[in-house]
Amino acid sequence: MLKQLSLYVENKKGTMEHITSILKEKNINIFGSVNNDGPEFGIIRMVVSEPDRAFDALKEAGYMCRMIDVMGIEMPDEVGSLNRLLGALSASNINVDYIYLSFNRDSAQPILIMHVVEEDIYEVESCMKAKGFTAV
């Protein structure tokens with residue numbers, strides 16, 4: 001299971017640079033990130049090396065933050081991998097809220113980071129493991 005930070009930020013010039021400078025100062029690495037923007041505000045979701053420290057540093061800097069559990073599923077870097085994973089989720093009646101990619105530095109494989117709508121993310125993780133997928 002992975003911890004994801006969600007930051008609710010004003011959509012203005014320099015915001016992402018400011019956030020990354022805070023993380024850089026704390027020596028925190030960003031493993032994966034996705035930005036969803038709107039006209040005035042956006043959401044930055046990220047998985048980082050030290051989520052608790054990142055949360056505290058960003059909160060102290062005035063950012064509205066939230067931390068939640070997300071799943072990371074390792075996938076081979078080949079045609080059809082994402083389709084197989086999504087098919088397994090669909091066959092298990094699991095609804096995916098959103099996904100983005102990262103990279104496993106140990107295995108050199110892509111990792112699909114996902115948030116599922118179901119209440120018990122641990123059950124979903126067990127289901128995916130039972131179907132032969134590797135959770136990180």
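Two parts of a protein are said to be in contact when they have heavy atoms within 4.5 Å of each other, and this idea helps in reading how helix 4 packs against its surroundings. The model described here is a predicted one, and the briefing looks at two topics, namely helix 4 and the largest pocket.

**Helix 4 and its surroundings**

- Helix 4 covers residues 121-130, and its buried residues are Ile 121, Val 124, Glu 125 and Met 128.
- When the helix is viewed down its axis, these buried residues fall within an arc of 100°, so they line one face of helix 4.
- The face turned away from that buried side carries the exposed residues Glu 123 and Ala 130.
- The buried residues of helix 4 pack against strand 4 (64-74) and helix 3 (81-91), and also against strand 6 (109-116) and strand 7 (134-135).
- After helix 4 comes Gly 132, a residue whose phi is positive, near 95°.

**The largest pocket**

- The volume of the largest pocket is about 190 Å³, and its lining is made up of 13 residues, of which Leu 2, Phe 31, Val 47, Phe 103 and Ile 111 lie nearest its centre.
- Two or more lining residues are given by each of strand 1 (2-10), strand 3 (41-48), strand 5 (96-104) and strand 6.
- Strand 5 provides the largest share of the lining, with 3 residues.
- Sorted by class, the lining of the largest pocket has 9 nonpolar residues, together with 2 polar and 2 charged ones.

Note on methods. Residues are numbered from 1 along each chain as its sequence is written. This is a predicted model: local features need pLDDT of at least 70, side-chain atom pairs count only at pLDDT 80 or more; totals for chains, interfaces and linings use all residues. Side-chain values use heavy atoms; hydrogens and water are left out. Buried means under 20% relative accessible area, exposed over 50%, partly exposed in between (1.4 Å probe, protein chains only). Helices (H or I, at least four residues) and strands (E, at least two) are DSSP runs, numbered from the N terminus. The arc is that of the directions from the helix axis to the C-beta atoms. On a 1 Å grid over the protein atoms alone, a cavity is a set of points where a 1.4 Å probe fits but cannot get out, and a pocket is an open set with protein on both sides within 12 Å along at least five of seven lines; lining residues have an atom within 4 Å of a point. Grid points are joined across faces, edges and corners, and a volume is the space filled by probe spheres set on the points. Ala, Val, Leu, Ile, Met, Phe, Trp, Tyr, Cys and Pro count as nonpolar, Asp, Glu, Lys and Arg as charged, and the others, Gly among them, as polar.
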